[in-house]
Amino acid sequence: MERVSFSGTAIERLRSGRVLVLTGAGVSAESGLATFRGEGGLWEGRDPVELATPEAFRRDPKTVWRFYTERREKAAQASPNAGHRALAALEEALGERFLLVTQNVDGLHERAGNRRIVRLHGSLWRLRCTRCGDEDEDLDLTASHRCRCGGRRRPGVVWFGEPLPEGAYEQAAEAAARADIVLVAGTSSIVYPAAGLPEIGREAGAWTVEINPERTAISDRVDERVPAASGSALPALVEASSPGAD
Ligand code: APR
């Protein structure tokens, strides 16, 4: 396991302050799920506009469903990793001082035990009717892609050009403005409005920490960079910030 260290400020703020965690696909990489960008990413050799827009679904629902069915099956077979489990332990320890805002739709944070969670980009485990808007949970991948109203159902994720779930961004932005520390893990920080949350926190005085083996679009605008995998860094951070850890 790589040795990862954090500043005294980060540790102190985790122990006493309000904590906002923003995650992206990189947090699920160590569970065997592809990220979107970079080598082997979901968008490599694929055009997101052809797979993740309402227009693409209207044009060719079969192809779009094939893409999401494959992602749902892989997510169903995957398990939360040490990074997910560390965030569940952090929520357990911090209670109301903790909020997790995720761009991930794979459900691994929830399966690890997080409950104080804002899903900015929806969920692979929900289906929505394109005619009546009815939404249903589909945890075992058996639900029909036809709604009771006869309409076609689509994956309950947010596609490019679509608004985020009602109130989700507002809740996340409000928490960022009140946070004492913002942890940003496993995201390339190029998709807005999610990528703007750390800056909201920083402008309001939060200490911002980026956890990512690669530099990202915001690496020059955070207080602390931890160039490590979240599966190592998050457990190390939780351990270092637990009472009596000095
Ligand atoms: N630990 C931490 N970070 C990692 C790890 C790891 N083990 N492995 C990869 N990463 C980092 C990569 O370096 C990259 O910066 O995770 C990031 C993943 O970036 P993206 O693939 O762009 O995923 P994300 O930022 O979540 O994408 C945002 O874009 O396609 C849309 O809606 C989709 O929610 C998604 C949004």
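This passage describes the two sheets of a predicted model and the surroundings of its ligand.

Strands of a sheet pair through backbone hydrogen bonds, either parallel or antiparallel. Both kinds of pairing are described below, beginning with the parallel sheet. An open sheet of 6 strands is arranged in the order S3-S2-S1-S7-S8-S9, and its pairing is parallel. Strand S3, formed by residues 117-119, and strand S9, formed by residues 224-226, are the edge strands, each of them pairing on one side only. From one strand to the next, the twist averages 15°. At the S9 edge, strand S8 (residues 207-211) runs parallel to S9 and is joined to S9 by 3 bridges. Isoleucine 211 has valine 226 in S9 as its bridge partner. Elsewhere on this sheet, helix H5, which spans residues 82-94, lies across strand S1 (19-23) and strand S2 (98-102). The direction of helix H5 is at about 150° to that of S2.

The antiparallel sheet is also open and consists of 3 strands in the order S5-S4-S6. Its edge strands are strand S5, residues 135-137, and strand S6, residues 153-157, and each pairs on one side only. Here the twist averages 40° from one strand to the next. Strand S4, covering residues 122-129, pairs with S6 in the antiparallel sense through 4 bridges. Within this pairing, leucine 127 stands opposite proline 155 in S6. Helix H4 (residues 61-77) packs on the sheet and touches both S4 and S6. The direction of helix H4 makes about 140° with that of S4.

The ligand is surrounded by 21 residues, of which Glu30, Phe36, Arg37, Thr187 and Ser188 are the closest. By class, the shell around the ligand divides into 8 nonpolar, 10 polar and 3 charged residues. Backbone atoms of the protein approach both oxygen and nitrogen atoms of the ligand. One oxygen atom of the ligand lies 2.7 Å from a backbone N or O atom of phenylalanine 36, a residue that is also listed among the closest to the ligand. A polar backbone atom of glycine 186 is 3.3 Å from an oxygen atom of the ligand. On the nitrogen side, a polar backbone atom of serine 230 lies 2.9 Å from a nitrogen atom of the ligand. On its own the ligand has 740 Å² of accessible area, and the protein covers 89% of this area.

Conventions: Residues numbered from 1 in each chain as written. Predicted model: local features only at pLDDT ≥ 70, side-chain atom pairs only at ≥ 80, totals over all residues. Heavy atoms only, no water. Near = heavy atom within 4 Å. Polar contact = N/O pair within 3.5 Å; in protein donor to acceptor, adjacent residues only side chain to side chain. Areas by Shrake-Rupley, 256 points an atom, 1.4 Å probe, with all protein chains shown as cover. Nonpolar A, V, L, I, M, F, W, Y, C, P; charged D, E, K, R; others polar. Pairing = 2+ DSSP bridges. Helix = DSSP H or I, 4+ residues; strand = E, 2+ residues; numbered from the N terminus. Axes fitted to C-alpha atoms, helices over the stretch in contact; angles between N-to-C directions. Contact = heavy atoms within 4.5 Å.
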